[in-house]
Amino acid sequence: DHSAARASYGSYNSADVQLAKGIKLGSFTQDYFVAYRQSEGYRDHSELEKFSLAGKWLYNWGGGSRIGIIARHHQNDAQEPGYLTFAQSREDPEQSLSFSVTDGGKREISQYSIHLDTQPTDKLAWGTKAYINQFDDTRFIKFSAGVSQQERVTEEKHYGALTTLTYRARESLSVEGGLDFQHQDNKSLRY
C-alpha cells in the first residue's frame, strides 16, 4: 500500500491539492487519485477551478495474465479575460475589457477503459482493450466590443477496441498482428 499527498499555494491566490492512494490485496490492486486547483489568475476575470478524479483496478491471476478497469474524469470551470490589442496588452497586461465580463466556459473530459492481458506461453502474448473517451466543452467568448458574444460547443465521443497478438520467436525477433476498431462522433457548434 502507498499514499501520497501534496498541497501548494502560490501567486494569484492559486491553491492546489492532490491525493493519491494505492492498495494491494493479494492479486488485486487499486489506485485512486483526486486533485483540486483554484486560482484567481494573472489577468482580471480569469478565475478558474479544476477537479480531477481517477481510479484503476487490476486483478492479476498469475502467468502474466491480468484484467483491469481504468476510469478518469476531469472538470474545469473558468472565466475568460478576453482579447486585448497589442497596445492594450503593453499598457495593462492584467486587464480584462468590460465586454468580456460574461466570457467563460466549462469543460469535462471522461475516459473509461477495460484491459485484458495474458501470456499463454513464454513466447506468446495477447492484449486487448476497449475504451470510451468523452469531451464536452461549452465556451462563451466575445472577440471585441462591436460583435455579438459567441457560444461555442464542442462535443466529442470516441470509442473503440484494440487487440494484439505477439509471438516472440527469439529475443531479437517478434511477429505482431492485431485488429483495431475506432469510431468518433464529433460536433463543433457555434451560436
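Biologist: Let's start with K106: what is its relative accessibility?
Modeller: First, this is a predicted model, in which local features need pLDDT of at least 70, side-chain atom pairs count only at pLDDT 80 or more, and totals for chains, interfaces and linings use all residues. Residues are numbered from 1 along each chain as its sequence is written, and side-chain values use heavy atoms, with hydrogens and water left out. Buried means under 20% relative accessible area, exposed over 50%, and partly exposed in between (1.4 Å probe, protein chains only). K106 counts as partly exposed, with a relative accessibility of 38%.

Biologist: Which residue does K106 form a salt bridge with?
Modeller: A salt bridge here needs a side-chain nitrogen of Lys or Arg within 4 Å of a carboxyl oxygen of Asp or Glu. For K106, the closest N and O atoms of the pair are 3.5 Å apart. The partner is partly exposed, with a relative accessible area of 25%. That partner is E108.

Biologist: And R107, which residue is on the other end of its salt bridge?
Modeller: The closest N and O atoms are 3.2 Å apart in that pair. It links distant parts of the chain, 30 residues apart, with R107 in strand β6 and the partner in strand β7 (residues 124–141); strands (E, at least two residues) and helices (H or I, at least four) are DSSP runs, numbered from the N terminus. R107 is partly exposed at 33%, while its partner is buried at 11%. So the residue you want is D137.

Biologist: How far apart in sequence are the parts tied together by R37 and D16?
Modeller: R37 and D16 form a salt bridge, with the closest N and O atoms 3.9 Å apart. R37 lies in strand β3 and D16 in strand β2, so the pair ties together parts whose separation in sequence is 21 residues.

Biologist: On to the strands: which residue in β6 is the bridge partner of A71?
Modeller: Strands pair if DSSP finds at least two bridges between them. β5 and β6 run antiparallel, joined by 14 bridges. Within β6, A71 has as its partner Y112.

Biologist: What about β4 and β5, which residue in their hairpin takes a positive phi near 65 degrees?
Modeller: Strand β4 (residues 48–62) runs antiparallel to strand β5 (residues 65–79), with 14 bridges joining them. One opposite pair is Y59 and I67, the latter in β5. The hairpin has two residues between the strands, and the one with that phi is G63.

Biologist: Between β1 and β2, which residue has a positive phi of about 50 degrees?
Modeller: Most residues other than glycine have a negative phi. Y12 goes the other way at about 60 degrees, and it sits in the loop between β1 (2–10) and β2 (14–25). In that loop, the residue with about 50 degrees is N13.

Biologist: Which elements give two or more residues to the nonpolar patch?
Modeller: Nonpolar patches take Val, Leu, Ile, Met, Phe, Trp and Tyr with over 30% relative accessible area and no salt bridge, side chains joined within 5 Å, whereas like charges are joined within 9 Å. Areas come from the Shrake-Rupley method with a 1.4 Å probe, and for residues only the protein chains shown count as cover. V17, L19, Y36, F51 and L53 make a nonpolar surface patch of about 410 Å². The elements giving two or more residues are β2 and β4.

Biologist: Last one: how far apart in space are G41 and E94, C-alpha to C-alpha?
Modeller: G41 lies in the loop between β3 (28–39) and β4, and E94 in the loop between α1 (86–91) and β6 (104–118). They are 53 residues apart in sequence, but in space the C-alpha distance is 9.2 Å.
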